[in-house]
Amino acid sequence: MWFKRLADGLAPSLTRRVLLALLLAFALIWLVLVGREYHESRSSESRRQVLWRVTDLLSVTLSPGGMEHNRQALETSDRLFNASRRINVAAKVEIDYPGDLLISARTRQGERIYASPGAPATPLSARDLNKGVVQLKGKAYRVAERLYPAGYLTVFEPLIPDEEVLPFLTRQYIAPLVIAFSLILLPLWLAISRGLLPLRRLADYLNRRASDDFSPLSMSLPYRELKPIVQALDQLLRRSRDSIARERAIVQDAAHEMRTPLAVISTQAHALAREEDAEARQQNLAALEQAVARHSHLVQQLLRLAALEGVESERRQQVDLVEVTRNALIGLSPRAEEKGMELELDSPDGLLASLALVSFLSIVDNLLSNAVAYGRAGGRVRVRLAAADGRIELAVADDGPGIAVDDQPHLFERFYRGKAASVPGSGLGLAIVWQAVRAQGGRIRMAEGLEGRGVAFHVSLPWLSPS
């Protein structure tokens, strides 16, 4: 039991994913803030701007006259400023106090007004001022100098080493980000939990439905983002409902179609068993063989149609379409000769392509078989095969009686045979053609046949040249 609970707890969770994304966002914010602060703390120009603001603040105590007054004012400012710095800076950075700011002031003529203990007694060179960092008694200081009406004012700030700055920067944002994360976490968790409630209700509703209930869902989800789920489920149920209806129709139609050849087989088998006359027995045997052949053909057509409607797509292979089509014509030559029909092939010498061979054979065989079966005696059947605009174009045309207008909308329906059909058949040929064309992402259309007579079927398939 505990193992199952552990597995459930470790299973992928949308709530956990959102919370981890939020935690990652806060971690990135923390890294950006620390990086920004570190960059500013290490930037000479940025720190010099700070020192210049400090010198501007201290310059308020200076007056153009009265050197003693200026010295006393700077000395007082020095003590107060650094006393405040010791309290605030040391408490803020939580590290060893880096040291006092050093102040140095001199008149325009170079006479010293005031210098903090440890500040250099002589003016800095232009090179040191431009560099912005000086060494005083073995310690690095950042330096900034301003010129005022009362004279020159220079401020030195002790540098804090990286090993002390980075720990401080990494700590100073942790507390506020943890507080912010906690404040955001609760409303976010509530929003996710309540947002997933409709999905849980939908799952419970689907679990309670009967296994044979494919009616549309009567449940409405409150959120706009969840409505496509119900719509997709309704479409899935509709396709399942239609598929089951088609399968039932196939079973019913197949049972109806098989009833006739089976009855013929049974009748001829009984007659053959009782018949004593040799000639009559031969006629009964021929009729029996014809019924068996028709039944076998029907079963093969049903199996082929079921295979084409399977979920697994047929593997493509390299094939010469001209050779395949020519062999199909050769196979139908005896039937065409019996009716005095002429078979023609208009194609290049060879046409290599990568496609599903069995599906292509189903298309060619069924279109040719229909053309020969329903074409007129002494007529023509022409097959045209070509490649154009990246597609395989196949056309099978005859000059027979054609197809009645009323029958045309039902051409590709299973077991449908035209009202004026006089040739035995299963009514599955064109249904197989349509399914094979669709399985390969192709198109099929019907047009006028040869010389304004008969019918022509044009098939267009995507062409993949062999690698």
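I'm counting two strands as paired if DSSP finds at least two bridges between them. Note to self: this is a predicted model.

**Entry 1, the mixed sheet.** I looked up the strand order first and got S7-S9-S10-S12-S11, an open sheet of 5 strands with mixed pairing. Which strands sit at the edges? They are S7 (342–346) and S11 (443–448), and each of them pairs on one side only. From one strand to the next, the twist averages 15°.

Then I checked how S11 meets its partner. S11 and S12 (residues 455–462) run antiparallel and are joined by 6 bridges. For a spot to click on, I picked Ala447, which stands opposite Ala456 in S12.

**Entry 2, helices on that sheet.** I went through what packs here. Helix H10 (residues 321–338) touches S7, S9 (380–388) and S10 (391–398). The direction of H10 makes about 175° with that of S7. Helix H11 (residues 357–374) also packs on the sheet, with contacts to S7, S9, S10 and S12. I noted about 15° between the direction of H11 and that of S10.

**Entry 3, the antiparallel sheet.** I found another open sheet of 5 strands, ordered S2-S1-S5-S4-S3, and its pairing is antiparallel. Its edge strands are S2 (112–115) and S3 (133–136), each pairing on one side only. Ignoring direction, neighbouring strands in this sheet are turned by 25° against each other on average.

Last, I zoomed in on S1 (residues 102–106). S1 pairs with S2 in the antiparallel sense, over 3 bridges. Which residue of S2 stands opposite Arg106? I got Arg112.

Notes
Residues are numbered from 1 along each chain as its sequence is written. This is a predicted model: local features need pLDDT of at least 70, side-chain atom pairs count only at pLDDT 80 or more; totals for chains, interfaces and linings use all residues. Side-chain values use heavy atoms; hydrogens and water are left out. Helices (H or I, at least four residues) and strands (E, at least two) are DSSP runs, numbered from the N terminus. Axes are lines fitted to C-alpha atoms, for helices over the stretch in contact, and angles run from 0 to 180 degrees between N-to-C directions. Contact means heavy atoms within 4.5 Å.
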